[in-house]
Amino acid sequence: MEKRQVIIVGSGPASYTAALYTARANLQPLIFEGFFSGPAGGQLMTTTDVENFPGFPEGISGPALMEAMRKQCERFGTQFIAEDVQSVELQQRPFKVRSKKHEFLCDALIIATGATAKRLEIEGAGEDAFWQKGVTACAVCDGAMPIFRNKELFVIGGGDSAVEEAIFLTKYGSKVYIVHRRDTLRASKIMAQRALNHPKIEILWNQQITKIEGDKVVRSVTLKNAVTNTETKKEAAGVFFAIGHQPNTGFLSDQLKTNPQGYVLVEPGSTKTSIEGVFACGDVQDPIYRQAITAAGSGCMAAIDTEKWLSHS
Ligand code: NDP
């Protein structure tokens, strides 16, 4: 079985930065960049303009930023495998990493698998009903579909994602409702203001969607108001979940310590996990900041931690 010094699992700003630094340290990193789990490049591949990554005064699209980062780490010799890691064995060194077609040993492992959009179990939202027939968890990926054109669309959530998705959807829908369970947005002030000022966006405060109905595609939603305890039915063509994320740790089979939400625990101020030689960076270990720039920063930390650990072990 082939042995590598460093394997990085996952792709995105954390992974690519870890690869860039380990490649420049001559550690010949190999990235499992994923396949069925989502697009290589991670969540930024489904984002529109990134306005807060320093160095791009006019902003840059998420996919363009990821493509540039990927090219940069490729330039220094990073290798890529377009597969998901199915399992790892971390109880003894070298560690084992398995995908469907490959099996490797490695001295150090960097986990950078990020997080995935959460969904709600609403009647009519499941795979057996309207999932991907009007119900989705990614406005940027699916918003341009003809079924949403000039129709009333509903985004669930009250954070920056919900606002960003709602603004994006105003390009397609006749009206976009943000359905939020409370009476104040969690989104940053600047984003919240954009939603509140937008002529095509209306926020439905203290409400939850309880039912999604339709024929071949979504036609209506039923909303419940938590304050008045009343239900209303509205015409709808689309329901978009924007309620946060779940860390992607299934392949770890509980071998690393996590917090109660499943985020990998790292030693404060480092990327060291509960197993020596295994490091974690990016959203998989970050329930708080979750920004492209913090993910990239922690990817750099993981590479430096890895390099130090390899030179002392
Ligand atoms: P957040 O965790 O910030 O927000 C999730 C939202 O979903 C909250 O408003 C929450 O409600 C609501 N929610 C959660 N669970 C449920 C539920 N079961 N039923 C109904 N509503 C629910 O996630 P985001 O994805 O919005 O943002 C994550 C991070 O990414 C943040 O740090 C954000 O700033 C950042 N981000 C930045 C962007 C940018 O700068 N352009 C764009 C997108 C994200 P409640 O408020 O009541 O908890």
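This report walks through a sheet, a helix pair, a hairpin and one buried threonine in a predicted model.

## The open sheet

Let's start with the sheet. Five strands make up an open sheet, and they run in the order β10-β17-β11-β12-β13. The pairing between them is parallel. The edge positions belong to β10 (135-136) and β13 (201-204). Each of these has a single partner strand, so one side of each is left without a neighbour in the sheet.

At the β10 edge, the partner is strand β17 (residues 238-241), and the two pair in the parallel sense over two bridges. If you would like a residue pair to look for here, Val135 stands opposite Val239 in β17.

## A helix on the sheet

Which strands does α4 touch as it packs on the sheet? They are β11 (152-156), β12 (175-179), β13 and β17. The direction of α4 makes about 165° with that of β11. Since angles over 145 degrees count as roughly antiparallel, α4 and β11 fall in that class.

## Two helices side by side

Helix α4 also has a helical companion. Spanning residues 160-169, α4 packs with helix α5 (residues 189-197) at an angle of about 40°, and their axes lie 9 Å apart. The two helices are therefore oblique to each other, and their crossing is left-handed.

On the α4 side, the contact is made by Asp160, Val163, Glu164 and Ile167, while α5 brings Met191, Arg194 and Ala195. How do these residues divide by type? Four are nonpolar and three are charged, with no polar residue in the contact of α4 with α5.

## The β14-β15 hairpin

Next comes a pair of strands with antiparallel pairing. Strand β14 (residues 207-214) and strand β15 (residues 218-225) pair in this sense over seven bridges. The link from β14 to β15 is a hairpin of three residues. To find your way along the pair, look at Gln207, which stands opposite Asn225 in β15.

## A threonine in a loop

Our last stop is Thr249. Where does Thr249 sit? Its place is in the loop between β18 (245-247) and β19 (278-280).

Is Thr249 buried or exposed? Its relative accessible area is 18%, and because buried means under 20%, Thr249 counts as buried. Leaving aside neighbours within four places in sequence, Thr249 is in contact with Gly262, Val264 and Val284.

How values were computed
Residues numbered from 1 in each chain as written. Predicted model: local features only at pLDDT ≥ 70, side-chain atom pairs only at ≥ 80, totals over all residues. Heavy atoms only, no water. Helix = DSSP H or I, 4+ residues; strand = E, 2+ residues; numbered from the N terminus. Buried < 20%, exposed > 50% of the residue type's maximum accessible area, 1.4 Å probe, protein only. Contact = heavy atoms within 4.5 Å. Axes fitted to C-alpha atoms, helices over the stretch in contact; angles between N-to-C directions. Parallel < 35°, antiparallel > 145°, perpendicular 65-115°, else oblique. Left-handed = near helix turned anticlockwise from the far one by under 90°. Nonpolar A, V, L, I, M, F, W, Y, C, P; charged D, E, K, R; others polar. Pairing = 2+ DSSP bridges.
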